[in-house]
Structure formats: C-alpha cells, structure tokens
Amino acid sequence: MAAIVTGAASGLGAATARALAERGARVTGVDLAASIERVTDAADGVAFVAADVTNEKQVASAVAAAAAAAPLRLVVQCAGIAPAKRILSSRGPHDLATFQRTVDINLVGTFNVMRLAAEAIAKTEPDENGQHGLIVNTASIAAYEGQIGQIAYAASKGGVVSMTITAARDLARNGIRVNTIAPGIVDTPMLASLGPEVNASLAASVPFPQRLGQPVDYTRLVLMLADHDYLNGETIRLDGALRMAPQ
C-alpha cells in the first residue's frame with residue numbers, strides 16, 4: 001500500500017510518515033524543498049518529494065509518484081502555517097496578504113491535495129467492502145475557539161472542518177472515506193521554542209490527561225481511522241477536553 005503525507009518533514013507529518021512506514025506502507029512525504037533539506041532522520045520506507053500543496057502541477061507529480069510505487073490508499077494532510085495577527089492592532093489593520101496566504105495553504109492546499117489524490121485512490125482495486133481508501137485532513141480546535149490573533153488560522157481551519165462531510169459525501173460513490181482530526185495543543189518543536197514555563201502553563205490548561213498532546217497521539221488516531229472503516233465524514237477533536245480561552 002502507498003500513502004502520502006503532506007508536511008512530512010517535521011512535526012505531526014514526520015511522526016505520521018514514520019508510523020505508516022513502520023506498518024509497511026510505502027510513504028511519499030510531501031513538503032517544501034527547504035524543509036526536506038533539513039531532514040536528517042528520515043525513516044526507512046519514506047521517500048520525500050518536494051511540492052507546494054497549493055501548486056497543481058507539483059502535487060499532481062507527487063501523487064503520480066506515490067501511485068506508481070504501490071496502490072494509493074491513504075493520504076494524511078499535515079501541511080499548514082499558523083501566523084498570529086489581530087484584525088486591528090497598534091500597527092493598523094491585519095494585512096490582507098497574510099490572511100490570503102494562510103487560507104491558500106491551509107484550506108486551498110488541503111482541497112488541492114484531496115481532489116488530486118482522490119482521483120488516484122479511486123483507481124485502486126476496492127477491498128471486499130468496496131472501499132478504495134481514506135483521506136485524513138488536519139484542522140485545529142481553533143476552528144471552534146480561535147484565540148485572539150488567530151483570525152486567519154481559525155478561518156482556514158474552519159474551512160477544513162466544513163469540507164469534511166461534503167467531501168465524504170462527494171467521494172462516497174468512489175469508495176473513499178474522508179475524516180478530519182482537530183488537534184489541541186501538541187508538543188512540537190515550534191511549541192517547545194516558547195520555553196518550559198509556557199509549556200507547563202499550557203499543559204495545566206488541559207482538563208485530562210493534563211499534559212500536552214504528543215505527535216504519537218495524532219498518529220495513533222490516524223492509524224485508528226485507517227482500521228475503523230465505518231468512521232466517515234467526521235471531525236474528531238484531539239485535545240484532552242480543552243476548550244480554548246480568548247488568549
């Protein structure tokens with residue numbers, strides 16, 4: 001089986017690519033060329049392809065490469081950005097370019113990969129239940145409780161949540177399931193850069209388990225979604241019952 005993981009050079013994407021490869025999948029890890037160049041510990045079974053998720057030709061080439069390796073049955077989308085700006089600050093209004101870029105990468109990029117990958121997945125032989133494959137998108141709990149300064153990020157991830165049930169219905173005739181994971185606060189290198197005191201405060205805000213989410217928590221849910229073939233059209237919060245405060 002072949003799988004595609006976007007944002008595979010770091011964070012959730014890297015953990016997911018490694019977990020799928022360890023399960024025997026032939027993984028195509030998609031990320032920007034500059035990000036791939038920084039990878040020093042790629043797992044066996046993960047082949048990187050440089051592509052911008054918003055670029056039709058680059059994504060089409062990555063999908064073709066993955067489908068050529070083995071029947072493509074799984075796509076996990078972890079690529080994204082999270083800028084922080086208020087609608088209005090002392091510097092003036094939120095710049096339009098940052099908002100547009102965030103929506104372009106997080107929402108349009110997710111749709112671009114989904115539509116092109118779905119075409120390839122639909123061509124695979126179905127299993128005994130008529131299923132061809134699964135697409136897992138990544139949103140965020142910011143889609144529901146975006147904090148101060150998260151207007152662009154929240155809007156883009158809200159769009160991913162809204163696409164989920166429609167995508168599942170659109171692709172039902174092709175035997176393709178679509179689900180979305182909405183993580184809370186996950187312990188990634190970007191979060192670690194905030195320092196131990198901030199991280200401890202964030203962990204204390206999670207009701208239970210009172211800790212930061214780990215990339216392995218995300219990968220476990222991806223694997224569960226792959227195994228549980230009756231889950232479709234769902235957005236699953238992965239946040240320890242956290243509900244974000246305004247800031």
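These are my notebook entries on the sheet and on two helix packings in this structure, which is a predicted model.

**Entry 1, the sheet.** I began with the strand order and found an open sheet of seven strands, arranged E3-E2-E1-E4-E7-E8-E9, with parallel pairing. At its edges I noted strand E3 (46–50) and E9, each of which pairs on one side only. I then looked up the twist, and neighbouring strands of this sheet are turned by 20° against each other on average, with direction ignored.

**Entry 2, pairings around E1.** Strand E1 (residues 2–6) is parallel to strand E2 (residues 26–31), and five bridges connect them; in this pairing I located alanine 3 opposite valine 27 of E2. E1 is also joined to E4 by five bridges, again running parallel, and there threonine 6 stands opposite glutamine 77 of E4.

**Entry 3, strand E4.** I followed E4 to E7, to which it is joined in parallel by three bridges, and I recorded leucine 134 in E7 as the bridge partner of leucine 74. How many of the six residues of E4 are buried? I found five, so E4 is largely enclosed by the rest of the structure.

**Entry 4, helix H9.** I checked the length of helix H9 (residues 215–227) first: at 1.5 Å a residue its 13 residues should span 18 Å, and because the end C-alpha atoms are 19 Å apart, the two values agree. I next listed the buried residues of H9, which are Pro215, Asp217, Tyr218, Thr219, Leu221, Val222, Leu223 and Leu225. What covers these buried residues of H9? The elements I found include helix H1 (11–22) along with the strands E4 (72–77), E7 (133–138), E8 (176–183) and E9 (235–238).

**Entry 5, helices H3 and H4.** I turned last to helix H3 (residues 56–69) and helix H4 (residues 96–121), whose axes come within 10 Å and cross at roughly 35°; the crossing of H3 past H4 is right-handed. On the H3 side I listed Glu56, Val59, Ala60, Val63 and Ala67, and these meet Asn112, Val113, Arg115, Leu116, Ala117 and Ala120 of H4. Sorting the residues of this contact by character, I obtained eight nonpolar, one polar and two charged. I also noted, as background to the spacing of such lists, that an α-helix has 3.6 residues a turn, so residues three or four places apart point the same way.

Terms used: Residues are numbered from 1 along each chain as its sequence is written. This is a predicted model: local features need pLDDT of at least 70, side-chain atom pairs count only at pLDDT 80 or more; totals for chains, interfaces and linings use all residues. Side-chain values use heavy atoms; hydrogens and water are left out. Axes are lines fitted to C-alpha atoms, for helices over the stretch in contact, and angles run from 0 to 180 degrees between N-to-C directions. A crossing is left-handed if the near helix is turned anticlockwise from the far one by less than a right angle, and right-handed if clockwise. Contact means heavy atoms within 4.5 Å. Ala, Val, Leu, Ile, Met, Phe, Trp, Tyr, Cys and Pro count as nonpolar, Asp, Glu, Lys and Arg as charged, and the others, Gly among them, as polar. The expected span of a helix is 1.5 Å times one less than its number of residues. Buried means under 20% relative accessible area, exposed over 50%, partly exposed in between (1.4 Å probe, protein chains only). Two strands pair if DSSP finds at least two bridges between them.
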